Amino acid sequence: MSRASNGRRGRPADIECDAVVVGSGAGGSVAALELARAGRSVTVLEEGPRVSTHALAAAGPAESMRRLYRNGGATPILGTPTIAYGEAHAVGGTTVVNGGLLWKPSRTVLDRWATWSGFGSYRAPVIDSRFAEIQQRLGMIVQEHGEGNEDSRLLTRAAESLGWRWQHPQRVVRGCRHRNQCATGCPSGAKQSMALTYLPEAEALGVRIHPGVRVRRITHDGGVVRGVEATDPDGRGVRYRARTVFLAAGPIGTPVLLRRSGIHRRTAGRHLALHLNLRTIARFPQVVEAERGTMFTAQVQEHAHLGMLIMPSNLTAGGLGAALAGRDPRQVDAFLAARAHLGMYTTQVRMQGTARIAAVVGGAPLLRHGMTRADHHALCLAFRRTAQLLFAAGAVEILPPTGSAAPLRSRAEVEDHCARVRPGDWELVSVHGMASCPMAQPDRGGLCDELGRPYGFGNLHLCDASVLPGAPGVSPQGTIMSFAHEIVGRHLENM
């Protein structure tokens with residue numbers, strides 16, 4: 001059992017437990033549940049709020065964006081161009097606001113990571129076994145089109161006409177009602193986020209979840225972690241004393257906390273791998289009503305070997321407004337008037353250059369990226385392929401994700417556009433950051449060993465996206481959870 005004691009007035013309260021887990025997303029929730037199942041007393045600290053399904057249903061998308069996302073969903077990664085980075089800020093982490101996609105990392109990716117990292121034990125036989133456990137526990141399904149989703153049907157028919165590979169996505173949903181609000185929290189409770197699955201099960205085993213708690217630093221002495229110092233929702237100091245700390249604050253939060261704590265200051269967050277998203281709007285001659293449906297009921301994988309995936313991201317009023325921001329008012333009016341005929345599509349591209357935490361100013365990270373010439377060419381190729389697919393789907397014009405560019409009405413116009421576009425013209429979004437504290441041998445740029453322990457520490461484990469050796473090229477929740485299960489499992493075996 002955890003124990004709490006209050007010091008003299010003005011002194012921080014002390015809370016003792018076997019393990020503290022910092023962060024409650026895909027990695028932290030795995031750590032909390034598996035530690036509790038092993039009989040440990042566990043406290044989970046989450047900086048964001050706890051939001052019920054009822055509250056999500058009652059809130060509008062704009063309100064949910066402000067409440068559930070850090071910085072309202074638009075943390076800037078400075079560079080040419082500036083990239084808008086989105087990550088969650090809530091109990092359950094990004095699993096509350098993602099599309100519920102659950103993909104297994106490919107054997108090719110795992111082999112590449114094993115070769116680079118110098119650690120050969122996180123290959124397919126191990127990760128596939130962990131993924132199968134997650135798949136069964138969350139009730140993964142193949143998400144077919146269902147009600148609405150005409151924009152998805154148009155995309156799949158076009159892919160088939162071109163002979164391109166596509167498939168329905170693997171999602172963790174039960175009884176999806178196609179409300180099209182995945183990205184601002186499922187209002188029906190169909191999406192099996194950590195807030196509805198792992199965390200309640202962990203609480204039934206005695207885990208305590210403390211929302212609204214900001215961890216300031218990890219306390220340590222001679223390579224032994226003593227606990228964490230935090231601020232509670234009322235601004236009071238709290239010290240959590242623990243035998244073990246599992247850090248799962250995300251690909252940015254984890255390295256920032258390590259730096260604030262004087263742990264691997266020079267290497268934590270030095271590199272950050274990203275998936276980049278291009279957002280393309282297509283206008284069709286017929287009514288599409290893309291708002292009727294759900295996210296990602298089809299994924300075109302023809303160019304997956306190049307790190308490119310094309311999928312519908314069903315149009316919403318907020319998403320359309322964001323895509324049209326800063327454009328000519330007449331152009332905006334024309335697209336708003338044609339809203340029922342529009343579809344919005346996301347093309348995910350694996351970035352070859354890296355981002356980094358350039359500094360931590362006042363506790364907040366300053367992020368920068370170094371998009372390469374190869375990245376620019378990859379974005380051009382990705383847009384060409386997306387345009388080819390959308391014109392094959394019957395689009396009469398498409399709006400490229402490049403600043404104030406005019407709508408394009410043919411593949412010839414697309415080619416001309418790509419010949420003229422500059423790196424700074426792209427409008428880029430990223431919601432997948434990884435590999436900021438990679439698991440690898442120290443001489444290969446690694447920060448953690450095979451148990452997720454930062455070198456020099458025996459009772460501190462990282463178990464989130466930060467430990468991945470690179471970007472998997474698919475939605476990373478399944479990869480993060482598989483690695484987290486393996487890290488916690490190895491910790492328990494070594495106890």
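**Exercise 1. Work out which strands pair with E2, and in which sense.**

Start with E3: this strand pairs with E2 in the parallel sense over four bridges. Here strands (E, at least two residues) and helices (H or I, at least four) are DSSP runs numbered from the N terminus, and two strands pair if DSSP finds at least two bridges between them. To place a contact, look at Val 20, which stands opposite Thr 43 in E3.

Next, turn to E12 (residues 237-247): nine bridges join this strand to E2, and the two run parallel. Here Ala 19 stands opposite Thr 244.

A quick bit of housekeeping: this is a predicted model, with residues numbered from 1 along each chain as its sequence is written. Local features need pLDDT of at least 70, side-chain atom pairs count only at pLDDT 80 or more, totals for chains, interfaces and linings use all residues, and side-chain values use heavy atoms, with hydrogens and water left out.

**Exercise 2. Decide whether strand E2 is largely enclosed or not, and say why.**

First, get the cut-offs straight: buried means under 20% relative accessible area, exposed over 50%, and partly exposed in between (1.4 Å probe, protein chains only). Then check E2 (residues 13-22): nine of its 10 residues are buried, so the strand is largely enclosed by the rest of the structure.

For contrast in topic, take Ala 57, which sits in helix H2. Ala 57 has a relative accessible area of 41%, so this residue is partly exposed. Its C-alpha atom is separated by 9.6 Å from that of Gln 181, which is 124 residues apart from Ala 57 along the chain.

**Exercise 3. Find salt bridges that link distant parts of the chain.**

The rule: a side-chain nitrogen of Lys or Arg within 4 Å of a carboxyl oxygen of Asp or Glu. Applying this rule gives 31 salt bridges.

- Step one: Arg 214 bridges to Glu 47, with the closest N and O atoms 3.7 Å apart. Arg 214 is in strand E10 (residues 214-221) and Glu 47 in the loop between E3 (42-46) and H2 (53-58), 167 residues apart. Arg 214 is partly exposed at 32% relative accessibility, and Glu 47 is partly exposed at 31%.
- Step two: Glu 203 bridges to Arg 50, the closest N and O atoms being 2.8 Å apart. That joins helix H7 (residues 198-204), home of Glu 203, to the loop between E3 and H2, where Arg 50 sits, 153 residues apart. Glu 203 comes out partly exposed at 30%, and Arg 50 partly exposed at 36%.
- Step three: look for a network. Glu 34, Arg 37, Arg 130, Glu 133, Arg 137, Glu 450, Glu 486 and Arg 490 are linked in one.

**Exercise 4. Describe the largest cavity.**

A cavity is a set of points on a 1 Å grid over the protein atoms alone where a 1.4 Å probe fits but cannot get out; lining residues have an atom within 4 Å of a point. Volume is the space filled by probe spheres set on the points, which are joined across faces, edges and corners.

Count: the structure holds four cavities of 30 Å³ or more. Size: the largest has a volume of about 80 Å³. Lining: of its 15 residues, Cys 176, Arg 179, Cys 182, Cys 186 and Thr 294 are the closest to the centre. Chemistry: the lining divides into six nonpolar, five polar and four charged residues (Ala, Val, Leu, Ile, Met, Phe, Trp, Tyr, Cys and Pro count as nonpolar; Asp, Glu, Lys and Arg as charged; the others, Gly among them, as polar).

Terms used: On a 1 Å grid over the protein atoms alone, a cavity is a set of points where a 1.4 Å probe fits but cannot get out, and a pocket is an open set with protein on both sides within 12 Å along at least five of seven lines; lining residues have an atom within 4 Å of a point.
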